[in-house]
Amino acid sequence: MGTDRHSEQPRGIKAVGWYSVLITLSAIILFPIYTTIVRSISSAIPYINSLKDGSGLVPVAVDYGVFGRVLQNDRFVNAMLLSAAISLIIVTGQVLTSTLAAYAFVFLEFPFKKLAFAVLVGTLLLPIEVTIMANIETIRDIAWLNSIQGLTVPFLASAFGIFLIRQAFLGIPSELRDAADLEGYSHLRFLFRVAVPISKPIIGSFVLISFLGAWNQYLWPRFAADKESLQTIQVALRNLGKSEITDLNFGYAAALLSAVPLLIILIAFQRQLVRGLTAGAVKG
Amino acid sequence: MTTTKNRRDTVASSRKRWNESGLALLFLGPTMAVFALFSYYPLYRLVYFSLYRPNRNSFIEGADEWIGFSNIWDNLASETFTAALWVSAKFTLMTVPLGLTAGICLAVAADRHLRGIKIFQTIFSSTVATSVAVASVVFTTLLQPENGLWRDVDWLSLNKSASAIRAISVVAVWQNAGLTFVIVLAALQAVPQEIKEAARLDGYGTVRNFFSVTVPMISPALMFLAVVLVVNALQAYAQFEILQPVKTAQPLLYKIADPDGASTISTRAVFSLGLFGVTILVSLLQFNLLEKRVHYGN
């Protein structure tokens, strides 16, 4: 390796070596995705029959129509729309409540501030996995099982979101706050005209993380709703295409299509997503 | 500046404080309401259900029945709980070290200037965007006992409890590797070029360089990952439900969520508190063990 700090780009044989390593690793990571694509475009019965004497690694009796059938399937469409609606409610709710709460912690003086903060930190020890059993009882008591409220309200606040946005607000120079004071800005005006616009990148990262969490969650929607019409896509995936053996490829196609929105987000907003995921893990 | 500030503070201080308290209540209200109802109230209810058997019979009026502290000890010592704890512990031990190692390797491989490196970085991070449910369905193409590609690989068979945990671990390792990759890559890219350079000039070899310079620099990220991945593994559920045709391996969450209706409310409440305790204990232990080795810098 050269001593010049800009000569880091490997060349020649070294570059070839690294490319083969990277391509091999990519092949390993993508292998299960590849087999899922093969399964989804292969007609179910011919594929299963082919397993006896084939590798199962190549598509059999290719039928791309399966994706069209998934997109026209009421249950799939309904589950996707429900997931979208629930995610939208949760993300909007979390961004709103977290922004307001973060503002209170950074810019407002009030009694029991330390206690309020401790309450916040404490919720990190009480994830839905720990509380699910009691929470299901609670929403049963108030008749929220199988309802949009039941699927969303428990997630309308986020300690992670508050910490993240609070960190952004803490970075706002105090001169700006003082200037706004002299201009006679009210808190609301300062919040929406200065604090939020300045913190847009962080809030953007939080929107992505929040959406990822809301769209991907499984445990709560699995138990908070048992009606088919109130199954999110993650829950519906478990049973899609399980009823008919000729439909076995249907479930795989549905799983792939359900991941497309997230894949688009991952590619389009990679930087922001990484910033959100790494918040707290990497200093600086 | 100080004088302006002081004057402003003294003149309007009490009125402002009063106003701000009202505003703070308004701003914090929604958050606190959600946390009160869905984080702390359930904690109270878990303790209550552990000590009282709720009267669920709407035809007979009656108070909930006190079953006492013995309900807690008996259930924590029960075969059901210890077996589930064992499944979760094995799953954690199989998925966290392997996932971490795999993710670190991916990050080290992809942390270099090469044409098209972004494509590889996107591929390596793609498992972050797949939900546990999608990942589980994806891996049924390999693990399904009848027609998965690995149906003849005995040590990954979903039909027996021990091998089922291994099989399900494969999915979690795949996902953990992606998350580890994303976070470690970001940490590696945050290591100042001068430090890597200085180590190289000191004549450190690549391997020694990695362990004595790079690892300490990214240790906060590794610490964070260790805690997050362990907690996730202890609380895993979806993979176990989606992948197994017959639920031979049942982790803690399976007993808590109890899709088969096998346990009473009071038993599941104790299990939930058990998970709560185990999670806190393991996190504290990790902090104590790892904290000394973490280099936070300034």
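## Two helical chains and a kinked helix

In this predicted model, chain A exposes an accessible surface of about 13,300 Å², and carbon and sulfur atoms own 65% of that. For chain B the accessible surface comes to about 14,300 Å², with 64% belonging to carbon and sulfur.

Let's start with the folds. Chain A is built with 15 helices and zero strands. Chain B has 12 helices plus two strands, and reading along its sequence gives α-β-β-α-α-α-α-α-α-α-α-α-α-α. In chain B, then, the two strands come right after the opening helix.

Next, the overall dimensions. Chain A has a radius of gyration of 25 Å, where a compact globule of 284 residues would sit near 19 Å. Chain B also comes out at 25 Å, against a value near 19 Å for a compact globule of 298 residues. Here are the boxes filled by the C-alpha atoms, taken along the principal axes, together with the buried shares:

| Chain | C-alpha box | Buried residues |
|---|---|---|
| Chain A | roughly 80 × 70 × 30 Å | 49% of 284 residues |
| Chain B | roughly 80 × 80 × 35 Å | 53% of 298 residues |

Contacts are worth a look too. Take the pairs in chain A that are at least 6 apart in sequence: 72% of those contacts join residues at least 24 apart. In chain B, residues 24 or more positions apart account for 67% of the contacts with a separation of 6 or more.

On to charge. Chain A carries 22 positive and 17 negative side chains, and the centres of these two sets are 5 Å apart. Chain B carries 24 positive and 18 negative side chains, with 10 Å between the two centres.

Now zoom in on one element of chain A, helix α6. Where is the kink in α6 of chain A centred? Ala134(A) is the spot: the helix spans residues 128–141 and kinks there by about 40°. Ala134(A) is also one of the buried residues of α6(A).

How many of the 14 residues of α6(A) are buried? The count is 12, so the helix is mostly covered, with buried meaning under 20% relative accessible area. The buried set runs from Ile128(A) to Ile139(A) and includes Ile132(A), Met133(A), Asn135(A) and Ile136(A). Glu129(A) and Glu137(A) are buried as well, as are Thr131(A) and Thr138(A).

Just past the end of α6(A), the backbone offers one more detail: Ala143(A) adopts a positive phi of about 55°.

Note on methods
Residues are numbered from 1 along each chain as its sequence is written. Chains are lettered from A and ligands numbered from 1 in the order in which they are written. Side-chain values use heavy atoms; hydrogens and water are left out. The bend at a residue is the angle between axes fitted to the seven residues ending there and the seven starting there. Helices (H or I, at least four residues) and strands (E, at least two) are DSSP runs, numbered from the N terminus. Buried means under 20% relative accessible area, exposed over 50%, partly exposed in between (1.4 Å probe, protein chains only). The radius of gyration is taken over C-alpha atoms; the globule rule is 2.2 Å times the number of residues to the power 0.38. Contact means heavy atoms within 4.5 Å. Accessible areas come from the Shrake-Rupley method with a 1.4 Å probe; for residues, only the protein chains shown count as cover. Lys and Arg count as positive and Asp and Glu as negative; His and the chain ends are not counted. The place of a charge is taken as NZ of Lys, CZ of Arg, CG of Asp or CD of Glu.
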